[in-house]
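Biologist: Before we go through this chain, please put the sequence and the model up. I will ask and you can reason from the coordinates.

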Amino acid sequence: MASYKPTKIQVYPKLGEKVTQDTLYWKNYKAPIQIKEFGAITNIDFSPVAPHNFAVTAFTRVHIYGPFSQEPVKTFTRFKDTAYSGRFRSDGQLLVAGCEDSVVRLFDVSGRVALRMFKGHTKAVHFTDFTSDHYQIMTASDDYTCRVWDIPNATAVTTYKEHTDYTRCGVTSKLNRDLFITGSYDHKMKLFDARLDKSVLTMDHGQPVERLLLYPSEALLVSAGGRYVKVWDLLKGGQPLVSLKNHHKTVTCLHLGSNGQRLLSASLDRHVKVYNTSNYKVVHNFDYAASILSLAVAPNDKSIVVGMTNGVLSVKHKKSPEESGESSRQTRRQPSYRVFVKGKNYVPKQDDFLVSKPVKQHLAKYDKQLRKFNVSQALDTALETWFRHKKPEIPVAVIKELDRRGTLKNALAGRDEQGLSRLLNFLIGNLTDTRFTPVLVTAAEMIFEIYHSVIGQSSVVDRHLQRLQDLLEREIDYQQDLVEVLGMLDTLFASSVSRKEVPSSGMTSASPSQLASS
């Protein structure tokens, strides 16, 4: 008796990820180092000077980590409540941070005690930063105000109250000490000149503004709020240039990478998107385990640091050229694999006496049922949840085998409401997949033929049949439209090809003017 041949599962081509230079560049990082903080990490800031330590603001502390350290090299804990926005000055010697108690504190990076305490806000201060001249600080608070402080005197130089909601973010100019921009939950962004008593430009983001970012030239402003990332041209009076909607939840942070050639955005949807700043298309994506609140990239993209709502700090370091070369080589198999294949590739010599050992055939459950001619049970097994969602080619292969045997109609008939609904759901989800269409169309036609007499007896089945019919009609319309478009393209291509005159035998070619006169 001939042995049973298992169902052949066809291997379909996969539409793999397109490998680009950006993909290779942003994947060239080591496995992330995870550090547990005391609370949600609201801000990360790299020091502009080597060795580029970074400050992490979480709960009531600001930790400073070295580039490769997993323990903080410095800790500032002089906060009575939650700290916010710990930022370095451009010389890396001072650090400023806001607090939930409305007090702004200034620290010497080499010390521990606050050098200055700036009091004047009445609510939490969520944003702080230094101006470009090193001698002033700009702050934004939940009391709707933003202030410019003088560091030597610890007094407010200018106070603005133009926003009508919490002011949670801002950015200072690195080219002009008097210019800064604030963003608020009233959806507005305002450009201020500290030499004037009111804002000079107002832009509407349309969502509560969570983060602002200036390009190095300071001609373009990037704002994040809601699910949107928007780019504005400041030289044209705040004209909107681009609106990006690639995240599924609120975008919480922005950063520039690759010397301003790439824009990174992070969101509560646990994703970091990398955009090409020339066309603002997504060129790479990072996934994380929890919602992201803060993001920072080290100079020359040497490290990517992400802070999450669960208090985990994720640090990715760029691989060295030597490590990149090793990872590009073929990965060495584990010892267990080498033991498993030992002797499998041995070729007997001419004088060897070969003793063959029968290999036991292992059949899948649906093959065992097909072997016993239980066609309905085999189809039910192939339509189990895991196969339907993870390996749809297996149910398709079983349907194709049943059709080859001529028993597909028997397998489809006699089903109850639940079994028919499961089958119809699979058809609806995969019928328009060009890999499976030739097989599933046959099954769909048989289902309509078998169950058309019972339409109206089950609302669930009727609904699925209606969805399947609508899907087929819609797909046919698409195909007809595509055929029409192809016909138009053929006409255009044919008309664009230069025509050559072919003289006929016994006839002389006439010029167009001669033909017209005749």
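The exchange below takes the predicted model from the whole chain to single contacts.

Biologist: How many helices and strands are there in the chain?

Modeller: This is a predicted model, so every value here is computed from it. The chain has 518 residues, and 45% of them count as buried. Its secondary structure consists of twelve helices and 28 strands.

Biologist: What share of the contacts with a separation of 6 or more comes from residues 24 or more positions apart?

Modeller: Contact here means heavy atoms within 4.5 Å. Among pairs with a separation of 6 or more, those 24 or more positions apart account for 46%.

Biologist: Which element gives the largest share of the largest nonpolar core?

Modeller: The largest nonpolar core has 38 residues, and L379, I399, L402, L424, L427, L440 and I447 touch the most other members. Elements giving two or more residues to this core are α4, α5, α7, α8, α9, α10 and α11. The largest share is seven residues, and it comes from α10.

Biologist: Which residues does I399 touch, not counting residues up to four places away in sequence?

Modeller: I399 is among the core members that touch the most others. With residues up to four places away left out, its contacts are L379, L408, F426, V439, L440 and A443.

Biologist: How many residues are in the second, separate core?

Modeller: This core includes F286, Y288, L295 and V312. It is separate, and its size is 17 residues.

Biologist: How far apart are the end C-alpha atoms of α9, and what span should its residues give?

Modeller: Helix α9 runs over residues 417–430, which is 14 residues. The expected span is 1.5 Å times one less than the number of residues. That gives 20 Å, and the end C-alpha atoms agree because they are 20 Å apart.

Biologist: Which helices do the buried residues of α9 pack against?

Modeller: The buried residues of α9 are G419, L420, S421, L423, L424, F426, L427, I428 and N430. Their packing partners are α6, α7, α8, α10 and α11.

Biologist: In the salt bridge between D380 and R415, which residue is buried and which is partly exposed?

Modeller: The closest N and O atoms of the two are 2.5 Å apart. D380 lies in helix α5 and R415 in the loop between α8 and α9, 35 residues apart. Buried means under 20% relative accessible area. D380 has 27% and so is partly exposed, whereas at 14% the buried one is R415.

Biologist: Is D142 buried or exposed where it meets R168?

Modeller: R168 and D142 form a salt bridge at 2.7 Å, N to O. R168 is in strand β14, and D142 is in the loop between β11 and β12. R168 is partly exposed at 21%. D142 has a relative accessible area of 7%, so it counts as buried.

Biologist: Which residue of helix α8 meets E449 in a salt bridge?

Modeller: E449 belongs to helix α10, and its partner sits 40 residues away. E449 is partly exposed at 48% relative accessibility. The partner is also partly exposed, at 36%. The N to O distance is 3.1 Å, and the residue is K409.

Biologist: Why can L489 belong to a surface patch?

Modeller: L489 is found in helix α11. It joins V485, L486, L492 and F493 in a nonpolar patch with about 470 Å² of accessible area together. Patch residues need over 30% relative accessible area. L489 is partly exposed and so passes, with 33%.

Notes
Residues are numbered from 1 along each chain as its sequence is written. This is a predicted model: local features need pLDDT of at least 70, side-chain atom pairs count only at pLDDT 80 or more; totals for chains, interfaces and linings use all residues. Side-chain values use heavy atoms; hydrogens and water are left out. Patches are made of residues with over 30% relative accessible area and no salt bridge: like charges are joined within 9 Å, nonpolar side chains (Val, Leu, Ile, Met, Phe, Trp, Tyr) within 5 Å. Accessible areas come from the Shrake-Rupley method with a 1.4 Å probe; for residues, only the protein chains shown count as cover. A salt bridge is a side-chain nitrogen of Lys or Arg within 4 Å of a carboxyl oxygen of Asp or Glu. Helices (H or I, at least four residues) and strands (E, at least two) are DSSP runs, numbered from the N terminus. Buried means under 20% relative accessible area, exposed over 50%, partly exposed in between (1.4 Å probe, protein chains only). A nonpolar core is a set of buried Ala, Val, Leu, Ile, Met, Phe, Trp, Tyr and Cys residues joined through side-chain atoms within 4.5 Å.
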